[in-house]
Structures are given as structure tokens and as C-alpha cells.
Amino acid sequence: MMTYKETLFFVGKCLTITHEEHNKKIVEQEIKSGNVDWDNVVKVSTAHYVFPALYCNLKRANLLSYLPEELVNYMKHITDLNRERNLQIIEQAKEINNLLLANNITPIFLKGTGNLLEGLYEDIAERMVGDIDFIVSIKQFKIVIQLLKKDSYSESSIDYIDNTIFNRHYPKLTKAGKISSLEVHYKMITNDKQFNYAYIKNNLIKTKKNITILSYNDQVLMTCFNKQINDKGQWYKSISLRNSYDLFLVSKLTFANKVLTSFKHPKSGYLKNFLASSCMIFNNPKSLDYTKTKSTKSFLKKQIALIENPKKNSLSKRKWNVYFLFISRLLKTIKIFYKKEYRAWFIKRLKNRLQN
């Protein structure tokens, strides 16, 4: 039986076999040996939202014939469902793009949706996408919300309270008959004033279908920031194969280490730690080469220790959860005393609770 660590690293190598011949040979040998615990592989790849990507890579490498037939059929079924979902997401994103362009507003699509629209994946079924994320300027932000509401989008919560001031984006918007919710951003990163709309707006890519996405360099930065800061990967020392897979594919279009080295930012070390982690998980592909430092070595050592010790990992997560919850509530409480918009939010929230 494969351990969690062995399974994680096996799945990681599988995700690179379309591009990395040395990993393809290793994976093929492991599969043919009959020692792969496919139940664990399904659990890990599903938990990391890379199950369809795993199937697509194994299919392109002509390795599916060595897998149990029942498993292959299941993988194909899930991948086909995800492909159909992504086709609907792409169409929905195009509709939003056309609506906003008609009002002289250019949405910049981010993360999974942006990757789908630019054609980052050989098969659109590879990426599992939750929301449609895009960013607009702070000056256009409220106008965009109004336009979307006129187009029948609305807040998904019955007890909706606008908590935009605490987030990077407006609360999720949904529309009847549409498969995905929307997250309209006015910030790229939580509590960061450097990597923002002003930074990325002059280096954008416009596709042939008039869709606007981040430059490849900024996609590297966004992927790293999103994992390490927004999802707090720097503190949790957690691994996300989906984020790492995105970084791996973008690294085929621009040299990730060069991007991070030239990006001067107080938290650039956090980003380099994610690059180092992705390189390790994917068995050192050249496109993910990184500059080894004391910080990256320490980060990887702690990360591996948590992977090998589930109880310690669970305890660490609970510790950080409590810490971030305390900090969040403390900062909100402090700001209520000297920021008008925070007081307004608190009063509205209090009235809402009393009424219910």
C-alpha cells in the first residue's frame, strides 16, 4: 500500500508526463510494476482537483491500457463531465466579456477561467474550475456590479451583507441557468498594494476572441501569490497540485525563476518557496528550476515533515486556523472604531442578526 507521500509524489509526476520524458519513464515503470495503489491515487488526485488532468496526461502517454478498466471508465466519465462544465463556463465568461465591453469596460480574467480562455491546457477538461474570476479597476468596480445585476445576477446568500471591504472581491454573484458563480475583483491579493490592477494593466494579453488575460509573467506571480498569500500556503505549508500544475504549464511559456527573481517585493521569498515546492513535487522539471536559499530549504523541510506526519499536519492547520481567525476578528474590531465603512458594515450585520 502506498503512503500519502508516495501517492502525492506519484500523482505529481503523472501530471508532467506530457512534457517530461524522464518522469514518463518513471511513471510507466511504476504502473507496470503493479505496485500503484489506485484507490489512493483517486483519493489524492480528487482532493487536489487534478483527477481529470491525471486522466488526460495518462491518456496522452498511452498508459491507460495498464490501468483497471473500471477505473479508466470512471476517469473518462468524470473528465467528460468536467469538459462539458468548462465549455459552459467558457461561454458564460464570453457573455460577461461582451456585456462589459459593450459598456467600455475590459474585464481581465484570472486563474482557472483565464487559463481556459487563453488555451493553457491541451484539453480544457484538465482544469477543475469553481468560480469565474475577473478583475476591473476600482473606478469601474461598482459600475460592473450594477451592470451584472441588471443582467439578472444577484448575491447568492439570502442573508446577504456586502463585506467587500474585507475581501479582494465582491460577494459571489449567481444567475439562474448559469453554471458558475462570479467573483468580481478589485484587488489581486489580500492586503497587498504592489501587485494590483495598476501593476498588471500595461502587460496584458488580448486573445483573438477579444478576451483579456494576464501576461505570462503576471500569471506566474498570480499563481504563486494566490497559493502562498490568499490561500495562506506560506503558513500552512500545504500543497495544492492544481496550483502547482498551473505554474508548471505557465513555466513552459516563461521562465518562472527569472520572473520571481526580478520581481522586487517584501514577500517575494514566499513566492519562491512555492516554486521550490512545485519543483519538488513534480520531480525537478527544468522549467521549474529555482534558486536554492536557506528559506527554500527550510520551507521544503517543514513541508515534507508535515506530509509524513498527518497528525502533526492536522494540528498545524488547526493552530493556524485559530490564529488567522483571531487576527481577522481583531483587525475588524479595531477598524470599526476609526473607519466609517467598517462601522456601517457592523451595524448592518448586527441588525441582520437581530431580525433573524
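1. In this predicted model, strand β2 (residues 132–135) and strand β5 run parallel to each other and are joined by four bridges. One of the pairings can be named: I135 has H185 of β5 as its bridge partner. The side chains of β5 (residues 182–185) point in two directions, with L182 and V184 on one side and E183 and H185 on the other. Every one of these four residues is buried, including the bridge partner H185.

2. Helix α9 covers residues 216–230, and its length can be checked by simple arithmetic. Its 15 residues, at 1.5 Å a residue, should span 21 Å, and the C-alpha atoms at its ends are 20 Å apart, so the expected and computed values agree. Of the 15 residues in α9, 13 are buried, and the helix is therefore described as mostly covered, where buried means under 20% relative accessible area.

3. Which residue just after α9 takes a positive phi? The residue is K232, with a phi of about 60°. Most residues other than glycine have a negative phi. K232 also deserves attention for its side chain, whose charged end sits over the ring of F324, 5.0 Å from the ring centre. A second lysine, K5, lies over the face of F9, and here the distance to the ring centre is 6.0 Å.

4. The ring of F324 leads to a wider group. F324 belongs to one aromatic cluster together with W235, Y236, Y270, W320 and Y323. Over the whole structure, a search finds 17 aromatic pairs.

5. How many cavities of 30 Å³ or more does the structure hold? There are two, and the largest encloses about 80 Å³ of space. Its lining includes F109, L110, I213 and L214, as well as the charged residues K111 and E118. Among the other lining residues are G114, N115, Q219, M222 and T223. Helices α6 (111–118) and α9 each supply at least two residues of this lining. The greatest contribution comes from α6, which gives four residues.

6. Two further residues have a positive phi, and both are found in loops. S152 has a phi near 80° and is not a glycine; its loop lies between α7 (141–150) and β3 (154–155). N210, also not a glycine, has a positive phi of about 65° and is located in the loop between β6 (205–206) and β7 (212–213). Is N210 buried, exposed or partly exposed? Its relative accessible area is 36%, which lies between the limits of 20% and 50%, so N210 is partly exposed.

7. Y121 is found in the loop between α6 and β2. Its relative accessibility is 6%, which is under the 20% limit, and Y121 therefore counts as buried. Y121 and F10 are 111 residues apart along the chain, and their C-alpha atoms are separated by 21 Å.

8. A276 has its place in helix α13 (residues 268–281). Because its relative accessibility is 0%, A276 counts as buried. From A276 to K297 there are 21 residues in sequence, while the distance in space, C-alpha to C-alpha, is 8.6 Å.

Key:
Residues are numbered from 1 along each chain as its sequence is written. This is a predicted model: local features need pLDDT of at least 70, side-chain atom pairs count only at pLDDT 80 or more; totals for chains, interfaces and linings use all residues. Side-chain values use heavy atoms; hydrogens and water are left out. The expected span of a helix is 1.5 Å times one less than its number of residues. Buried means under 20% relative accessible area, exposed over 50%, partly exposed in between (1.4 Å probe, protein chains only). Rings of Phe, Tyr and Trp (its six-membered ring) pair if their centres lie within 6.5 Å; planes under 30 degrees apart count as stacked, over 60 as edge-to-face and the rest as tilted. A charge sits over a ring if NZ of Lys or CZ of Arg is within 6 Å of the ring centre and within 35 degrees of the ring normal. Two strands pair if DSSP finds at least two bridges between them. On a 1 Å grid over the protein atoms alone, a cavity is a set of points where a 1.4 Å probe fits but cannot get out, and a pocket is an open set with protein on both sides within 12 Å along at least five of seven lines; lining residues have an atom within 4 Å of a point. Grid points are joined across faces, edges and corners, and a volume is the space filled by probe spheres set on the points.
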